[in-house]
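Trainee: I keep meeting terms for helices, strands and contacts, and I never know what earns a name. Could you go through a model with me and show where they come from?

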Amino acid sequence: MSPLTIYATPLVLLLVFIYIARATLLRPKQLQNDRKLPPGPPSLPILGHLHLLGNLPHRKLQTLAKKYGPIMSLRLGHVPAIVVSSPEAAQLFLKTHDAVFSNRPKFQATELMSYGSQGVATTEYGPYWRNIRKLCTLELFSPSKIESYAPLRREEVGLLVESLKRSAVAHQVVDLSKITSDLIETITFKMILGRSKDDKFDMKGLIQEVGRLAGAFNIADYVPLLGVIDLQGLTRAMKKTSKDMDEMLEKIMEEHEQDPSRQKEHHKNFVDKLLSLLHQTISPHDEEIQVIDKTHIKAIMLDLIVAAFETTAATLDWAFSELLKNPRVMKKLQQELTNVVGMSKVVEETDIPKLNYLDMVVKETYRLHPVAPFLIAHESMEDITINGYYINKKSRIIVNAWAIGRDPKIWSENVEEFYPERFINNNIDLKGHDFELIPFGSGRRGCPGMMLGLMSVKYTIAQFVHCFNWELPNGMNSKHLDMNEKFGLSIPRVNHLLALPIYRLV
Ligand code: HEM
């Protein structure tokens, strides 16, 4: 036994004892009063229901919701949580009572790595969030801004097509997961930071580490007394990553400030825009004057990159996985591309609105693989009663978009099948109005980057599927392609997707 273990064990026992004593003596108000909580499974002392979550909590919570219903009550350590698993219930939380549930809970990861939760996605509901979100919408997500990035997407996807053509000639299997993740990395960095990856910093490595740490199950968030001793080593890792990340973001800001060409309006990218607002009020007309400083700018940049990168890359990974697993769908999509674009041309973004089957393929990808299966956690800002159930202020709201997408009562018995045609005769879209399909969330905290992300997703799928036929390596039967997923900040594939490109245009 190591000396560390010898000292740590009595300490853990002492902390556990204090925790039980506190929990017993200071019983939460909700338990003293006779208020009806939503149903839920029996819980353990201290852990509550943490032990039930497993490695793939979206699947475990789906199973539990079948027994306890679409509004289910859990306790994750000391945190009361409500799990929402039907479109009707999601509508209640994200639309009808949106104003009560628009807060974000604080996590150790966002506190340590997002500058005290000061980014867009991590910050609490209030004037600061409202102003920053308004600014991002105007400067990054407006239709004209999305269009202004079309040349960037065209160039980066074009370079990849050329490289894939070379692989095709050499009969070389490519790592599609890596290729698409590198592509999204480049596009995201150029859009938000105005620069591509370079040797100076390992931006992707750092962002992936932030994603890994933020997505890890951190006992400190649920049993704070145990968090003090940092048994998992996460606090240490977060502090280190946050320091490295800070150095990188500082240098990036410095470079922007020192480049005089950046002062010209048409050269400005998102960081320049944020820097031009330094020490100014974001919105002088709002009820609370907010002056933006460098810490805010770093938190906003980081939040946007993390929100954009993993989600978009994981979507592409699952879309290509499903297309390779379902050759019928791949052929039908190629047929649509042949008809609309023609075999002698590559896809342009202006073709995208005409590609109806592509639209259905993307929706079906999100139905089966909402890459943020629980959206981003929401938190109630006041006590409220919904459907006769009492919900405490500061309850964590977990919307299981993954379970909703796989509910046979909504999607019929072929729910596990990748079948884009299910969208032919309905108007279900991804905008958050149809609670059967909410991979981008809904309401005030719904994803503001949806249209920007969808453009990269659709354009990349269309170009790759139009330019190439794709085969699995070593003649693998499509039925044998593994679809194992891992849970984190998003749910990517466990194993990278490998495939052989064969050029198909004339
Ligand atoms: C294309 C794939 C994407 C998916 C599937 C996705 C999904 C989501 C989801 C589920 C949420 C949480 C919604 C909620 O809590 O109700 C969210 C929030 C957010 N997303 Fe996205 N997203 C994507 C792309 C992007 C991109 C490209 C950006 C920015 C460049 C972005 C920026 C954000 C931000 C800033 C938030 C936080 C909004 C807030 O808290 O007010 N997302 N996204």
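Mentor: Helices here are DSSP runs of H or I with at least four residues, strands are runs of E with at least two, and both are numbered from the N terminus. This is a predicted model, where local features need pLDDT of at least 70, side-chain atom pairs count only at pLDDT 80 or more, and totals for chains, interfaces and linings use all residues. Residues are numbered from 1 along each chain as its sequence is written.

Trainee: Okay, which helix gives the most to the shell around the ligand?

Mentor: That's helix 14, with seven residues. Helix 14 covers 294–325, and along with helix 19 (450–467) is listed as supplying at least two shell residues.

Trainee: What makes a residue part of the surroundings of the ligand?

Mentor: Its C-beta atom, placed from the backbone, has to lie within 6 Å of the molecule. There are 25 residues around the ligand, and Ala 121, Gly 441, Cys 447, Gly 449 and Gly 453 come nearest.

Trainee: How do the shell residues divide by class?

Mentor: You get 15 nonpolar, seven polar and three charged. Ala, Val, Leu, Ile, Met, Phe, Trp, Tyr, Cys and Pro count as nonpolar, Asp, Glu, Lys and Arg as charged, and the others, Gly among them, as polar.

Trainee: Why is helix 15 called roughly perpendicular to helix 19?

Mentor: Check the angle: helix 15 (residues 327–340) packs against helix 19 at about 95°, with the axes 9 Å apart. Axes are lines fitted to C-alpha atoms, for helices over the stretch in contact, and angles run from 0 to 180 degrees between N-to-C directions. Under 35 degrees is roughly parallel, over 145 roughly antiparallel, 65 to 115 roughly perpendicular, and the rest oblique. So helix 15 counts as roughly perpendicular to helix 19.

Trainee: Which residues make that contact?

Mentor: Met 330, Leu 333, Gln 334 and Leu 337 come from helix 15, while Ala 462, Val 465 and His 466 come from helix 19. Being in contact takes C-beta atoms, placed from the backbone, within 7 Å. By class, this contact has five nonpolar, two polar and no charged residues.

Trainee: How do you know that strand 1 and strand 2 pair?

Mentor: Pairing needs at least two bridges found by DSSP. Strand 1 (residues 71–76) and strand 2 (residues 79–84) share six bridges in the antiparallel sense, with Ile 71 opposite Val 84. Their hairpin has two residues between the strands, and Gly 77 takes a positive phi near 60°.

Trainee: Why is the pairing in the sheet 1-2-7-4 called mixed?

Mentor: Just go through its pairs. Strand 2 and strand 7 (residues 396–399) are parallel over four bridges, whereas strand 4 and strand 7 run antiparallel with two bridges. Together with the antiparallel strands 1 and 2, that fits the mixed pairing of this open sheet of four strands.

Trainee: What makes strand 1 and strand 4 edge strands?

Mentor: Strand 1 and strand 4 (378–379) each pair on one side only.

Trainee: What is the pairing in the sheet 3-9-8?

Mentor: Antiparallel, in an open sheet of three strands. Strand 3 and strand 9 (residues 498–503) have two bridges, and Asp 175 stands opposite Leu 498. The edge strands are strand 3 (174–175) and strand 8 (468–471). Helix 8 (residues 150–169) lies across strand 3, strand 8 and strand 9, at about 90° to strand 9.

Notes
Two residues are in contact if their C-beta atoms, placed from the backbone, lie within 7 Å.
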